[in-house]
Amino acid sequence: MFEKLAEQSLGLMGWEIDNHWDLNIDQCVMIAAPHTSNWDALYARLALKALGVNVRITIKDSYMKLPFGPFVRAMGGIGIDRRVKQQGQERPSMVQLMSNLFKTHPKLVMLVTPEGTRAKQEQWKTGFYYVATTAGVPIALAYMDYAKKKTGVGKIVYPTGDYEKDMAEIMAFYAGIQGKFPEKFSVDQRYMTAE
């Protein structure tokens with residue numbers, strides 16, 4: 001019922017849903033880009049709900065406590081605790097902690113925004129790639145194209161271990177997509193010339 005309502009809501013706003021989502025995928029890292037406006041979250045959530053994709057987001061563990069905890073959990077939040085457990089241990093990396101979540105959550109679609117901010121970034125945060133390869137899961141490419149009024153999941157990338165090649169494929173996908181504020185969006189320029 002919620003899926004149909006989300007699809008109808010997007011349709012009423014003039015948006016079309018792109019459905020390249022594979023229903024057989026239980027686990028993946030999902031990129032959401034471009035991220036140039038607060039409206040992106042609304043359209044992305046509606047599109048993913050319409051596709052039946054239950055996304056989760058990682059957030060600092062302290063936000064999982066009252067008063068924000070119930071709301072954050074309802075929005076799909078999973079707490080990440082980077083504190084050192086024993087004296088003398090190194091602080092765990094975000095990549096390792098995020099990868100470990102796939103061991104304890106058999107159904108996990110982890111949503112990330114690799115631009116990291118709504119301001120223009122010509123270099124993306126690439127931890128998503130290492131999370132996917134460490135966990136052995138694919139990368140789903142979700143997007144919001146304001147020029148075409150099209151949103152959804154446009155492609156699934158299965159990392160080959162050839163970092164440069166895989167990143168070039170991801171950047172090539174996003175290169176033609178226009179955010180709400182096009183001047184605030186850039187793909188990662190380091191991989192635009194990679195073969």
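Trainee: How closely do the axes of α5 and helix α6 come, and at what angle do they cross?

Mentor: Before the values, note that this is a predicted model, in which local features need pLDDT of at least 70 and side-chain atom pairs count only at pLDDT 80 or more, while totals for chains, interfaces and linings use all residues. Residues are numbered from 1 along each chain as its sequence is written, and side-chain values use heavy atoms, with hydrogens and water left out. Helices (H or I, at least four residues) and strands (E, at least two) are DSSP runs, numbered from the N terminus. Axes are lines fitted to C-alpha atoms, for helices over the stretch in contact, and angles run from 0 to 180 degrees between N-to-C directions. Here, the axes of α5 and helix α6 (residues 163-175) come within 12 Å and cross at roughly 120°. Angles under 35 degrees count as roughly parallel, over 145 as roughly antiparallel, 65 to 115 as roughly perpendicular and the rest as oblique, and α5 is therefore oblique to α6.

Trainee: Which residues of α5 and α6 make the contact?

Mentor: Contact means heavy atoms within 4.5 Å, and on that basis F128, Y129 and Y130 of α5 meet Y163, D166, M167 and I170 of α6.

Trainee: At what angle do the axes of α4 and helix α5 cross, and which residues in α4 meet α5?

Mentor: The axes of α4 and helix α5 (residues 127-135) come within 9 Å and cross at roughly 45°, so α4 and α5 are oblique to each other. From α4, V95, Q96, M98, S99 and F102 meet G127, Y130, V131, T134 and A135 in α5. To read the chemistry, take Ala, Val, Leu, Ile, Met, Phe, Trp, Tyr, Cys and Pro as nonpolar, Asp, Glu, Lys and Arg as charged, and the others, Gly among them, as polar; the residues of this contact of α4 with α5 then divide into 6 nonpolar, 4 polar and no charged.

Trainee: How are the strands ordered in the sheet, and which stand at the edges?

Mentor: Two strands pair if DSSP finds at least two bridges between them. In this model 7 strands form an open sheet in the order β1-β7-β6-β2-β5-β3-β4, with mixed pairing. The edges are held by β1 (16-19) and β4 (77-80), each with a single partner strand, so one side of each is left without a neighbour in the sheet. From one strand to the next, the twist averages 30°. Within the sheet, 5 bridges join strand β2 (residues 27-33) to strand β6 (residues 139-145), which run parallel, and M30 stands opposite A140 in β6.

Trainee: Which strands does helix α4 touch, and which does α2 lie across?

Mentor: Helix α4 (residues 94-104) packs on the sheet, touching β2, β3, β4 and β5, and its direction makes about 150° with that of β5. Helix α2 (residues 39-50) lies across β1, β2, β3 (55-60), β5 (108-112), β6 and β7 (150-157), running at about 65° to β7.

Trainee: Which peptide bond is cis, and what is the phi of K149?

Mentor: Most residues other than glycine have a negative phi, and most peptide bonds are trans. The peptide bond from A33 to P34 is cis, with omega near -10°, and P34 is placed in the loop between β2 and α2. K149 has a positive phi of about 50° although it is not a glycine, and its place is in the loop between β6 and β7.
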